[in-house]
Amino acid sequence: MERVRAWLGESQAYEALDDDPDDPTSPEERARTLGKTSKFEYVIFLLLGCAMLWSWNMFMACATYFQRRFAGDDFLLNNFQSLILASATLTNLTSAWYLSFRQDNANYPARICMSLIMNIVLSTILALSTIFFIMGPGSYIFVVLGCVLLSSWSTGLSQNGVFAYVNTFGGSCMQAVMTGQGIAGVLPAIAQIASVLLVPASNDLTASPKSAFIYFLTATFVSGACLFLFLGLLARQRTSTVTKIDTEAETHDLDASPDTTAAPNPRKSVSLWRLLSKLKYHSFSIWFCFFVTMAFPVFTQAITSVRSPVLNPPRFFSPDVFIPFGFLIWNLGDLLGRVLCGFERFQLTQPKLLALCSLARVAFIPLYFMCNVKGNGAVVESDLFYWAVGLTFGMTSGWVGSNAMMAAPACVDEGEREASGGFMGLCLVAGLASGSMASFLVLGA
């Protein structure tokens with residue numbers, strides 16, 4: 001039992017920043033100080049990061065099921081993915097922008113709980129729709145897009161709440177959130193590949209209602225488990241706060257000195273311009289990182305194996321398996337980059353270097369064009385080369401994005417940490433939205 005208590009034992013979430021302008025402590029040293037956390041808190045934020053993007057990946061993983069539901073309408077069959085992507089990114093950006101202006105008296109834990117509850121309800125509705133909502137493609141698209149809009153608003157609530165709330169715990173918990181997002185990208189890709197390989201090549205490859213029901217019900221379970229555990233974390237924090245206040249009160253009475261008890265640091269209402277002035281390199285790094293990253297789904301769905309289909313290659317190299325495997329490779333790289341940030345030797349806290357690393361990722365775009373895009377032939381006749389490009393592109397995305405999010409809290413005052421988390425989340429969403437629209441327009445997907 002002692003081992004369990006030790007594993008779950010709390011450590012100091014962070015040390016207060018000294019507002020003295022003459023303080024010689026560097027942002028790098030403060031970033032290391034902010035990294036202290038307990039394993040229990042780390043696991044909770046890991047699951048919150050996973051739940052944050054699970055609904056988005058759930059829609060992507062069920063693409064073959066939606067093909068079945070929209071098979072009777074050629075327009076919807078060819079454009080439902082674009083409609084989902086546009087609706088999701090624009091709604092997510094709108095919610096992030098709106099919530100960033102509502103800092104006064106913001107209850108970030110309540111926003112997290114509301115997001116999880118919305119995900120539970122929405123994923124349950126979608127699961128039931130696979131069995132009971134028997135309707136045509138024209139009607140079902142409104143059900144799907146309605147769920148996408150609400151799910152994206154829920155994601156905005158989660159991003160604003162989690163990124164703000166986690167900044168009061170430290171860099172390790174921020175890394176946990178980013179790692180959880182990477183896990184949410186890997187698991188649906190694995191499930192999609194498995195579901196395709198289990199079906200003979202001559203059969204219809206669209207997903208059955210039963211498999212879609214399991215997909216959506218899994219999202220309900222993930223969000224429900226996260227809500228239960230997060231409520232446990234809040235209860236634990238309240239208990240810890242009450243104990244700390246009682247201890248300080250006893251010490252105050254014993255010392256009989258009214259000036260020895262420090263006043264709590266009130267939450268500040270911070271303007272976006274103030275945060276931008278302090279986090280200009282961090283915000284640019286996270287925005288441009290995900291702006292460039294959104295080129296990956298466009299290339300991944302357009303690149304096929306260099307093996308000619310005339311030679312009857314193995315099933316693995318057919319597009320219905322090769323393309324999902326490309327997504328899996330990228331997401332594995334993304335997850336690896338996020339995990340590496342948990343080790344101090346791979347952490348980068350210098351803002352200007354972060355910005356340069358983010359800019360350098362543009363070099364992957366011409367590398368993708370050297371692969372077999374839309375079957376037009378490859379400059380480098382190797383699938384291994386394509387997988388290496390995808391793996392490293394994903395790894396740099398996870399590494400740069402996580403480092404930017406982790407380094408930001410050390411560059412603002414203590415009372416500004418929550419606001420800085422919401423601001424960095426806004427920059428992340430802006431990068432995703434602008435990058436997705438630019439990729440589909442410029443790259444012609």
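1. Before we start, one definition will help: a helix axis here is a line fitted to C-alpha atoms over the stretch in contact, and an angle between two helices runs from 0 to 180 degrees between their N-to-C directions. Please also keep in mind that this is a predicted model.

2. Let's begin with how confident the predictor is. The protein chain has an average pLDDT of 77, and 78% of its residues score at least 70. Two stretches deserve some care. Residues 1-35 stay under 50 in pLDDT, although the model gives them 58 contacts beyond four places in sequence. Residues 256-265 are also below 50, with 6 contacts beyond near neighbours in sequence. As you look at these parts, remember that predicted coordinates should not be read in detail where pLDDT is low.

3. Now find helix H5, which covers residues 74-100, and helix H7, which covers residues 137-166. Their axes lie 8 Å apart, and the two helices pack at an angle of about 30°. How are H5 and H7 oriented to each other? Angles under 35 degrees count as roughly parallel, so H5 and H7 are roughly parallel to each other. The crossing of H5 past H7 is right-handed. As for the residues in this contact, 14 are nonpolar and 12 are polar, while none are charged.

4. A second pair to look at is helix H11, residues 280-293, with helix H14, residues 351-360. Here the packing angle is about 15° and the axes are 8 Å apart. H11 and H14 are therefore roughly parallel to each other as well. H11 passes H14 in a left-handed crossing. If you would like to trace this contact on screen, the residues of H11 include Tyr 281, Phe 284 and Phe 288, and those of H14 include Pro 351, Leu 354 and Leu 359. Sorted by class, the contact of H11 with H14 has 8 nonpolar residues, 3 polar and 1 charged.

5. Finally, here is a single residue to visit: Leu 234, in helix H9, which spans residues 209-255. Is Leu 234 buried or exposed? Its relative accessible area is 13%, and buried means under 20%, so Leu 234 is buried. Which residues does Leu 234 touch, leaving aside those up to four places away in sequence? They are Pro 109, Cys 113 and Tyr 165. Pro 109 is a nice one to pick out: Leu 234 and Pro 109 are 125 residues apart in sequence, yet in space the distance from C-alpha to C-alpha is 8.1 Å.

Conventions: Residues numbered from 1 in each chain as written. Predicted model: local features only at pLDDT ≥ 70, side-chain atom pairs only at ≥ 80, totals over all residues. Heavy atoms only, no water. pLDDT = per-residue confidence, 0-100. Contact = heavy atoms within 4.5 Å. Helix = DSSP H or I, 4+ residues; strand = E, 2+ residues; numbered from the N terminus. Parallel < 35°, antiparallel > 145°, perpendicular 65-115°, else oblique. Left-handed = near helix turned anticlockwise from the far one by under 90°. Nonpolar A, V, L, I, M, F, W, Y, C, P; charged D, E, K, R; others polar. Buried < 20%, exposed > 50% of the residue type's maximum accessible area, 1.4 Å probe, protein only.
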